[in-house]
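Open the model in your viewer and keep the selection tool at hand. The tour goes from one residue outwards to helices, whole chains and the places where chains touch.

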Protein chains: 4
Amino acid sequence: MIIVMRKSATKEQTQSILQEIEAKGLKPMPLYGTERTVIAVIGDERILDKQHIASKGGVSNVMLVLPPYKLVSRETKHESTVVKIRDNVTIGGKEICVMAGPCAVENYEFVSAAAKAVKAAGAKILRGGAFKPRTGPYSFQGLGEEGLKILKRVSEEEDIPFVTEVLNTRDLPLVSEYADILQVGARNMQNFNLLEELGKQKRPVLLKRGMSAKIKEWLLAAEYIMANGNPNVILCERGIRTFETEIRSTLALQSVPLIKELSHLPIIVDPSHAAGKPSLIPPMSKASIAAGADGIIVEVHPKPDEALCDGQQALTPEIFKDMMDEMRPVAKAVGKTM
Amino acid sequence: MIIVMRKSATKEQTQSILQEIEAKGLKPMPLYGTERTVIAVIGDERILDKQHIASKGGVSNVMLVLPPYKLVSRETKHESTVVKIRDNVTIGGKEICVMAGPCAVENYEFVSAAAKAVKAAGAKILRGGAFKPRTGPYSFQGLGEEGLKILKRVSEEEDIPFVTEVLNTRDLPLVSEYADILQVGARNMQNFNLLEELGKQKRPVLLKRGMSAKIKEWLLAAEYIMANGNPNVILCERGIRTFETEIRSTLALQSVPLIKELSHLPIIVDPSHAAGKPSLIPPMSKASIAAGADGIIVEVHPKPDEALCDGQQALTPEIFKDMMDEMRPVAKAVGKTM
Amino acid sequence: MIIVMRKSATKEQTQSILQEIEAKGLKPMPLYGTERTVIAVIGDERILDKQHIASKGGVSNVMLVLPPYKLVSRETKHESTVVKIRDNVTIGGKEICVMAGPCAVENYEFVSAAAKAVKAAGAKILRGGAFKPRTGPYSFQGLGEEGLKILKRVSEEEDIPFVTEVLNTRDLPLVSEYADILQVGARNMQNFNLLEELGKQKRPVLLKRGMSAKIKEWLLAAEYIMANGNPNVILCERGIRTFETEIRSTLALQSVPLIKELSHLPIIVDPSHAAGKPSLIPPMSKASIAAGADGIIVEVHPKPDEALCDGQQALTPEIFKDMMDEMRPVAKAVGKTM
Amino acid sequence: MIIVMRKSATKEQTQSILQEIEAKGLKPMPLYGTERTVIAVIGDERILDKQHIASKGGVSNVMLVLPPYKLVSRETKHESTVVKIRDNVTIGGKEICVMAGPCAVENYEFVSAAAKAVKAAGAKILRGGAFKPRTGPYSFQGLGEEGLKILKRVSEEEDIPFVTEVLNTRDLPLVSEYADILQVGARNMQNFNLLEELGKQKRPVLLKRGMSAKIKEWLLAAEYIMANGNPNVILCERGIRTFETEIRSTLALQSVPLIKELSHLPIIVDPSHAAGKPSLIPPMSKASIAAGADGIIVEVHPKPDEALCDGQQALTPEIFKDMMDEMRPVAKAVGKTM
């Protein structure tokens, strides 16, 4: 930690900070410059509270030298984490993992048709929402437990694990009974109670990036889960909110190689929600793999026209199959299999 | 609703949309232009699902003519809502309402000292956090119920109502037993289960704007609460996330007059969290009142240097008193009392 | 400057940086921490190129301690700058300065009518555009020199100085012959050649903030003008681009008190362009004054319905007069005259 | 164009708009709804000024049905534009075009070494800056004409065309005498005079996206060049400004497939400026090609440590060569050659 004092800081103010740092067992190094004093802290600065130090009298600015997270950091664990879902389904290794299915679970027929289609095309995991967060109170909110039962039945019939969203701590015991992977939606990325509870159970967690979350905040959200005992976290880039109005969200693909540098956790990409229309999904899926992503999660619906939710961004099974065929040579070109 | 068809849309696709609109009891008006067909919908378009229509074959673009919210709209209720907390404390009328106190409840002494000071200076409501959402798992998380008890005790001793944050549906029964106003933090603005539960109980709700929430989404979040039965919603502008790095959040004060046009609900401003440093708070508090806000909520701590949370943005009781004295003539200048 | 080395940095890499800093006459202070080495630079770091240092081998991160600008800084010049336009017209002192007039100069009659109306209501400076930057090539682009002549004639008839935009270095000699204040539009805030040329002439410059300019970049743009010899720079906050779609630009009023802390230059606010509709202008004008702005610049048109440019945000002379009457008590409340 | 009237609009106001539309030779279709009147305009709405219509009395909102640009639109010209630089160098066809070289021209030796290296690795065009826009007045500003001469000499010696930035209309005649492609930097994307002049000369133009430009504004900037007579425009995505602080700019790769839908112009990607550090460049270059880009432009410097400008994001010749080798199979995977 680097603490820059104000030009007007008194000797006593500087002294008080030096003492507080020493009291924590760290070594402060004051540097008396021509214009201001700077204090460098030697040792693991993460035991200091940045905001608290910044609020001390005479302090102008506080800068961190180390990242605020530990467990998710590649400095802590060098080798990449591979999350195992079933014996033949893993995320984070050499094999690209594709998750696909309808946005919301509407009925058994649609889910079953979607599952058959996506599995045949090479998807490894089925996706589908039983509990849906909707921005307005007058929209379709999902089937709830009924939806979980449909997903479970199809999952067993087609022998494909499934991922579904959990909205709050109340629903968590129920959802974790059914699902293979628990998804945290973008709006819940900083629902800290939910993150804690997810850390205390065993299911792998798919943690979507918040709509306006910095990469550091996203990794801190993953740290919450890991710090509570669950090492199986999969990150998911799904686009951030910017000034652009032509596209729903700006898919920030640089996060893929950057996360790979900063963290050992696997990262996949959701090109469907960011696009808001189907034509952008195949090129962005290929770009995600080329950028180094461990997989993608996309919406596929047997009849997008009749979907109750987000139909305008769902791929038909035919287009999904073509996209998978186009992705394979890209995966191979970057040394992955699919 | 205005539906713009693609240049390539077929007659059948257009026909299918006309039928779907009529089936809902609305009147579609197709306009066959030189370049494309446009369908205008006559009637209350809010019973149509925009995303569903947009996903129909042949549709290029869907534009809403009416806002997606109803109960919060000034078109629905012309006179401004005045939320009554106690006989002599209201929000939304001619009297400016100032809420002040420490960020987090740390101990009885600090809360009591803060309450005495802010009440003496003219604040009407005490603020303080018992449950704190923190971005990292290693920071101080609040005292929990112990904090609520301290707030309640001080509230009774000093005869001042208090507002405190509720983080999730699990804590809601507990917090609503103690607090006069329940605060929804920025990160929870789209925690829809929490909004629903807040709608089903009686305490007034202070709804902070999400860090990257559009005004429309913020009003829809308020609609969630009202649609579940609670009309006592107070909006709170607290700054949005932008590219600026010199300031913590960009206080978007235009939202004050805009909300006054769009909605009948009261709106206050939180200049403390947006600033991240004390010197910006007095000028922005005066600006908020001049822009038409019904009040402000600010952090005041007897000893900011020793605060466990957000001390660097807390005002001392002395600076708070001076600020209140400076705010009074501004309130008077815009026809309010304080 | 604080230079944080990578964990993997070699002794030679650190040595090479120490030598480069010493060669510049500054004193490097290496701090050998438990996890990495940090080098603090004692002396005026602004003679070092941050990007160059950051590109040296073994460097992880470079942080500046001092702001990158000097001449515009309040640390360099403590007292506030007051820009004098004419004997009785100044900007930056106790008197609020209001600039008003039509967006574009369309004809003599409209400009004359606008000038009479705004002067009668208390405006000190007439505004009007002769050269208009338009986002599309098919829109009205302004009258050019003909427009400057109209502004000059009206300015003399009504005895009111005027401000107008200069788009490029080519037009600068012409525009500076006519205008009292030269405006740099938001799109030109980083047109560095233009800034240099404006620094080499004598007319005061009104420097609008770029649509996505950080405060630091805005002050650096002002530094360009001052570094070339012209101390008469007036800053103008006009809103920044964010994700919000309900409002044209987000008026970032915190910049007013922040600029007052960082710089000695005067700052005014343009609430018209940021609003995009007239109803937000009076409340935001009052808020600007309450936040400490030295003035405002607003669009007033005798017949907004017939305006060729931006009519939808222009005030009528009647509404402008009412607004001025409402602003006076606010100015008085913050110790200003108007 | 769809014009939504206010609820309070009078019959006369509606009538006045109908007449104005008819006077332009278009057909207005008024729709009298239960809540408000909507006017749809049949015909090419681009001859109407959206802002002017929006400013008419009684108008609530105006929505465009057609995009505001014509010449750049794929609806106007179906086949993709291929810009020819030399007989064997084209952009926009099946062959990926890589442009590479140092950020700024510093001396003959560095440019010559860079040119030899990038050509050997497969680059088709040399890049280098002679005139540099710098955010602060105290940084290295480029060698000017001397730099152009060095680029020209190296270009002839190594038989490779070069692209360089032109900052303003004053320098345009000089730069266009030397360069094969004229680059418009992000800060100049809306320098409309420069765009006009570039439209009136013959050299191909590389138009970088503005840091906060919407896709629509970027295409309108290209329209400026085409409307003045020059059809050879190459678009360049270089990242947009967002709230993220870990990365310099957010590379918005969705713009690649979206531009391909909306326009016939070629589009390349600049991963160097967006990254701000070398490690992100190879994965994002591969992702750009996978997303459908026609090429990339990257910074390569023989000795990044000694670069006067942006050295920290330049690739060494060795890393560039490796990257090119990794890009080839990705290009092949998406049906391109390289």
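Select C:G295, which is found in strand 14 (residues 295–299) of chain C. Strands here are DSSP runs of E with at least two residues, helices are runs of H or I with at least four residues, and both are numbered from the N terminus. This is a predicted model, in which local features need pLDDT of at least 70 and side-chain atom pairs count only at pLDDT 80 or more, while totals for chains, interfaces and linings use all residues. Residues are numbered from 1 along each chain as its sequence is written, and chains are lettered from A and ligands numbered from 1 in the order in which they are written.

Is C:G295 buried or exposed? C:G295 is buried, with 25 other C-beta atoms within 10 Å. (A residue is buried if 20 or more other C-beta atoms lie within 10 Å of its own, exposed if 12 or fewer, and partly exposed in between; C-beta atoms are placed from the backbone.) Now add C:I91, C:I96, C:C97, C:V98, C:M99 and C:I268 to the selection: C:G295 is in contact with these residues, leaving aside neighbours within four places in sequence. Two residues are in contact if their C-beta atoms, placed from the backbone, lie within 7 Å. Then pick C:P137, which is 158 residues from C:G295 along the chain; the C-alpha atoms of the two are separated by 33 Å.

**Two helices in chain C**

Stay in chain C and select helix 6 (residues 192–200) and helix 7 (residues 215–227), which pack at an angle of about 40° with their axes 6 Å apart. Axes are lines fitted to C-alpha atoms, for helices over the stretch in contact, and angles run from 0 to 180 degrees between N-to-C directions. Helix 6 of chain C and helix 7 of chain C are therefore oblique to each other. Angles under 35 degrees count as roughly parallel, over 145 as roughly antiparallel, 65 to 115 as roughly perpendicular and the rest as oblique.

Show the side chains next. From helix 6 of chain C come C:F192, C:L195, C:E196, C:L198 and C:G199, and they meet C:A221, C:Y224, C:I225, C:M226 and C:A227 in helix 7 of chain C. By class, this contact of helix 6 with helix 7 of chain C has eight nonpolar, one polar and one charged residues. (Ala, Val, Leu, Ile, Met, Phe, Trp, Tyr, Cys and Pro count as nonpolar, Asp, Glu, Lys and Arg as charged, and the others, Gly among them, as polar.)

**Two helices in chain B**

Move to chain B and select helix 10 (residues 281–291) and helix 11 (residues 317–333), whose axes are 9 Å apart at an angle of about 25°. That angle makes helix 10 of chain B roughly parallel to helix 11 of chain B. The contact is made by B:P282, B:S285, B:K286, B:I289 and B:A290 of helix 10 and by B:M323, B:E326, B:M327, B:V330 and B:A331 of helix 11 of chain B. Its residues divide into seven nonpolar, one polar and two charged.

How many residues of helix 10 of chain B are buried? Eleven of the eleven are, so helix 10 of chain B is largely enclosed by the rest of the structure. Just after helix 10 of chain B, click B:G292, whose phi is positive, near 110°.

**Chain A as a whole**

Select chain A, which has eleven helices and 14 strands. Its C-alpha atoms fill a box of roughly 75 × 45 × 40 Å, taken along the principal axes. Of the 338 residues of chain A, 58% count as buried.

Within chain A, pick A:I234. Not counting residues up to four places away in sequence, A:I234 touches A:V83, A:I91, A:P204, A:V205, A:L206, A:L207, A:L265, A:P266 and A:I268.

**Where chains touch**

Show chain D beside chain A: the contact takes 35 residues from chain A and 35 residues from chain D. On the side of chain A that touches chain D, helix 10 of chain A gives the most, with six residues. That side has 22 nonpolar, seven polar and six charged residues.

Last, show chain D with chain B, where the contact takes 19 residues from each of the two chains. On the side of chain D that touches chain B, strand 1 (2–5), strand 2 (27–32) and strand 3 (37–42) of chain D are the elements that give two or more residues. Strand 3 of chain D gives the most to this side, with three residues.
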